[in-house]
Amino acid sequence: MLNRVRSAVAHLVSSGGAPPPRPKSPDLPNAPSPQTAAPPEAPRSPPARAGSGSAAPAKTVEARASFSRPTFLQLSPGGLRRADDHAGRTVQSPPDTGRRLPWSTGYAEVINAGKSRHNEDQACCEVVYVEGRRSVSGVPREPSQGQGLCFYYWGLFDGHAGGGAAEMASRLLHRHIREQLKDLVEILQDPSPPPLCLPSTPGAPGSSDSSHLVGPQSCWSSQKEVTHESLVVGAIENAFQFMDEQMARERRGHQVEGGCCALVVVYLLGKVYVANAGDSRAIIVRNGEIIPMSREFTPETERRRLQLLGFLKPELLGGEFTHLEFPRRIQPKELGQRTLYRDQNMTGWAYKKIELEDLRFPLVCGEGKKARVMATIGVTRGLGDHNLKVCSSTLPIKPFLSCFPEVRVYDLTQYEHCPDDVLVLGTDGLWDVTSDCEVAATVDRVLSAYEPNDPSRYTALAQALVLGARGTPRDRGWRLPNNKLGSGDDISVFVIPLGGPGSYS
């Protein structure tokens, strides 16, 4: 076990090899291509070409298949090469050509300083039209009947152990959300409470009378209140689950390596839904006030959930790990002594007698950015990671990783927003070295230098946030103005204006 832990630590500090080439994953089965209210997208930025020289064809295919950037960046082959340069770390943003992202959203990104071979972050910004699948009466809706819904969508996907999962999620997650909303189109447009059950199509299985199945009314005298907002939240949660299941099905045939954290924003019918699964972060800066719109899911923040699962299903620990937590690793010579510990029920600490099982490696170890689940991964929610195992072991880690996001809702109609009010989304490369207060200060400094109706101000703000976290190159790496280390991770930032030039109708 000690050798296995040493191998795990060595694996964490090494950068790892290049990901294998992968074909593109198909879109959702039988899903029509999305209709959008935005102008047609430009083609996805072409993959980077192999470097000069007499590279073998196989290497050329690998390089071209393993690197792509968000479509809306519209990068030329030269731009792709600059985006893939770890030494220069050029900040990339959409071109200022007059064709802007929805709501004049700002975006900027930069590659890591050598942490991985390519930028493993991905991003997506879409306007998605949803046409209802059926009417509430159960009669299939004619294409001309009724009116569909349109939602705005932003997504950041922070990949790890390869960029395959992040790229797949950036292409397909919004389509899963659209599929989940199809049954809700008419319900969300109706102010009356949502129906308890949707009627089946006449003649379909389950459409026969089932009134005899209803129990005594005395047991079910009242119905729980279900809001339209909770239906949208449930649709987003289901979409994350179906996206994760699709990755599991296709991980072999399409080589969807690794996993990704996912931070998604959906604007629908006056409300902003922020869904986070991982360690990315979203905040609203409104009139100088900071409103957190997500929380990070790490081994520390989810310790009790992980320990409870290990306690209920000890077979997942494989006899190699203990679900208990100790302030430090227990030594064999300490058997029989009393030491501090805590389990899944505890927030504080207590003493217990050390037993042989306590010598196993803890399920959750380390603290801060060094905290790990089973000495392997530092995040506890996200998509993918279906092939992830404990280093030098066949023990899977996926059972401890949840694909479900936490969804927070912000009602835009409840406040008067000015052009300086923004929603900032960032992968952990930003937040590792930048606090919420520092982001708010940058928002005030940058936006005050532009006219309120200048739509380029939000891209300038995104660039300033990325540059501030990246730092500048010096003799000992990338440094911030205070000489502390800048972020060596991939950094991706969306700045979404909540007032001013954005149209919310």
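Contact here means heavy atoms within 4.5 Å. Helices (H or I, at least four residues) and strands (E, at least two) are DSSP runs, numbered from the N terminus. With that, helix α9, residues 436-447, lies across β6 (281-286), β7 and β16. α9 runs at about 50° to β6; axes are lines fitted to C-alpha atoms, for helices over the stretch in contact, and angles run from 0 to 180 degrees between N-to-C directions.

A note on the source. This is a predicted model, in which local features need pLDDT of at least 70 and side-chain atom pairs count only at pLDDT 80 or more, while totals for chains, interfaces and linings use all residues. Residues are numbered from 1 along each chain as its sequence is written, and side-chain values use heavy atoms, with hydrogens and water left out.

Now the sheet under α9. It is open, with 5 strands in the order β1-β19-β16-β6-β7, and the pairing is antiparallel; two strands pair if DSSP finds at least two bridges between them. β1 (106-110) and β7 (289-292) are at the edges with a single partner strand each, so one side of each has no neighbour in the sheet. Ignoring direction, neighbouring strands are turned by 20° against each other on average. Between β16 (residues 422-426) and β19 (residues 491-497) there are 5 bridges, and Leu-423 stands opposite Ile-496 in β19.

Next, helix packing. Two packed helices are described by the angle between their axes and the distance between the axes. For α9 and α10 (residues 457-470), the angle is about 140° and the axes are 10 Å apart. The two are therefore oblique to each other; under 35 degrees counts as roughly parallel, over 145 as roughly antiparallel, 65 to 115 as roughly perpendicular and the rest as oblique. Among the residues that meet are Val-439 and Val-443 in α9, and Leu-461 and Leu-465 in α10. By class, the contact has 9 nonpolar, 1 polar and 1 charged (Ala, Val, Leu, Ile, Met, Phe, Trp, Tyr, Cys and Pro count as nonpolar, Asp, Glu, Lys and Arg as charged, and the others, Gly among them, as polar).

What about α4 (residues 164-181) and α6 (residues 228-250): at what angle do they cross? Roughly 135°, with axes that come within 8 Å. α4 and α6 are therefore oblique to each other. The contact includes Leu-172 of α4 and Phe-242 of α6, and its residues divide into 13 nonpolar, 4 polar and 1 charged.
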